[in-house]
Amino acid sequence: MAILMIFFLSILLTERLTIFNPAVSFIELLASKIQFQEFLFNVGGQIAGSFLGAMLGYFMLGNYVDQLPYLDARLKYGLLGSMSGEILGSLLLMALIVLQEDDYLKFTDDKFEHALLITLTFGAVRMLSYTSGSLFNPAFAFSLELFECIKDGNWGRFGFLWIYIVGPFMGAIAAIIFDSQIYKKFYDQKIKYGL
């Protein structure tokens, strides 16, 4: 719950989702809303921020990593389950972000409702993919995994990190395709026929 509150307040105060997640920055890059240099700057900042957050948690809380379902549940439920949870959750979250960022298709213009909608969607997809431990954020996945490996010395965990790095980008690409090839065409048809 605390993570959702922090997420909500961060969106409400900044209004820019590209500062949180490399996959969202990737969406903005594909949609030509940011240049490649800004994309690299955003991703660098996201990785640095995630690294600092994981490092602070590691040193200040000591055993915080023992409480993260992301690290414990990882492959207990199978590689396919982890991959599908990450990709499907990312698709749902990124699709909402793509629609909400579109000037014509967005659900609301209100800052509070915008932040609430994205936060509730994040919470819902997080609950749907709880057993696979999805975070839908490659920068967080890398940073948390790094400090868990430092803690227990099991560097073999990095072998499956690709799922949590590639999944959000696959979800982002699928969301862009959904928006441009399906949703917008349906929306345009609806307008054309006055529905």
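Helices here are DSSP runs of H or I with at least four residues, numbered from the N terminus. Under that scheme, Ser143 sits in helix 7, which covers residues 138–152. The model is a predicted one.

**Whole chain**

Start with the chain in cartoon view. It holds eight helices and zero strands, so the pattern along the sequence, with helices counted as DSSP runs, reads α-α-α-α-α-α-α-α. Of the 195 residues in the chain, 43% are buried. Switch on a surface: the chain exposes about 10,800 Å², and carbon and sulfur atoms supply 70% of that area. If you draw a contact map, take the contacts between residues at least 6 apart in sequence; 72% of them join residues at least 24 apart.

**Stop 1: Ser143 and the pair of helices 3 and 7**

Select Ser143 in helix 7. Is Ser143 buried or exposed? Its relative accessible area is 1%, and the cut-off for buried is under 20%, so Ser143 counts as buried. Now show what lies around Ser143: apart from neighbours within four places in sequence, it is in contact with Ile47, Ser50, Phe51 and Ala54.

Widen the selection to helix 3 and helix 7. The two helices pack at an angle of about 35 degrees, and their axes are 8 Å apart. Their crossing is right-handed. On the helix 3 side, select Gln46, Ile47, Ser50, Phe51, Ala54, Met55 and Tyr58. On the helix 7 side, select Ala139, Phe140, Ser143, Leu144, Leu146, Phe147, Ile150 and Lys151. Coloured by class, the contact of helix 3 with helix 7 shows 11 nonpolar, three polar and one charged residues.

**Stop 2: the largest nonpolar core**

Next, go to the largest nonpolar core, which has 25 residues. Select Phe39, Leu93, Met94, Ile97, Ile118 and Ala172, the residues with the most contacts inside this core. The elements that give two or more residues to the core are helix 1 (2–14), helix 2 (22–30), helix 3 (36–61), helix 5 (79–101), helix 6 (111–128) and helix 8 (161–192). Which helix gives the largest share of this core? Helix 5 does, with six residues.

Centre the view on Phe39. Leaving out residues up to four places away in sequence, Phe39 touches Pro22, Ser25, Phe26, Leu29 and Ile34. Another core, of six residues, lies apart from the largest one. To find this other core, select Tyr58, Leu135, Leu144 and Phe147, which are among its members.

**Stop 3: helices 1 and 6**

Hide the rest and keep helix 1 and helix 6. Their packing angle is about 145 degrees, with the axes 9 Å apart. Helix 1 passes helix 6 in a right-handed crossing. From helix 1, display Ile3, Leu4, Phe7, Phe8, Ile11 and Leu12. Facing these in helix 6, the residues they meet are Lys111, Phe112, His114, Ala115, Leu116, Ile118, Thr119, Phe122 and Gly123. By class, the residues of the contact of helix 1 with helix 6 divide into 11 nonpolar, three polar and one charged.

**Stop 4: Ser134**

Select Ser134, in the loop between helix 6 and helix 7. With a relative accessibility of 0%, against a cut-off of under 20%, Ser134 counts as buried. Not counting residues up to four places away in sequence, Ser134 touches Gly85, Glu86, Arg126, Ser129 and Tyr164. For a distance check, pick the C-alpha atoms of Ser134 and Gly167: the two residues are 33 residues apart along the chain, and these atoms are separated by 9.3 Å.

**Stop 5: Met83**

Move to Met83 in helix 5. Its relative accessible area is 25%, so Met83 is partly exposed. Outside the residues up to four places away in sequence, Met83 touches Trp162 and Ile163. The C-alpha atoms of Met83 and Tyr164 are separated by 7.9 Å, although the two residues are 81 residues apart along the chain.

**Stop 6: Ser32**

Finish at Ser32, in the loop between helix 2 and helix 3. What is the sign of phi at Ser32? Phi is near 60 degrees, a positive value in a residue other than glycine. The relative accessible area of Ser32 is 61%; the cut-off for exposed is over 50%, so Ser32 is exposed.

Terms used:
Residues are numbered from 1 along each chain as its sequence is written. This is a predicted model: local features need pLDDT of at least 70, side-chain atom pairs count only at pLDDT 80 or more; totals for chains, interfaces and linings use all residues. Side-chain values use heavy atoms; hydrogens and water are left out. A nonpolar core is a set of buried Ala, Val, Leu, Ile, Met, Phe, Trp, Tyr and Cys residues joined through side-chain atoms within 4.5 Å. Buried means under 20% relative accessible area, exposed over 50%, partly exposed in between (1.4 Å probe, protein chains only). Contact means heavy atoms within 4.5 Å. Axes are lines fitted to C-alpha atoms, for helices over the stretch in contact, and angles run from 0 to 180 degrees between N-to-C directions. A crossing is left-handed if the near helix is turned anticlockwise from the far one by less than a right angle, and right-handed if clockwise. Ala, Val, Leu, Ile, Met, Phe, Trp, Tyr, Cys and Pro count as nonpolar, Asp, Glu, Lys and Arg as charged, and the others, Gly among them, as polar. Accessible areas come from the Shrake-Rupley method with a 1.4 Å probe; for residues, only the protein chains shown count as cover.
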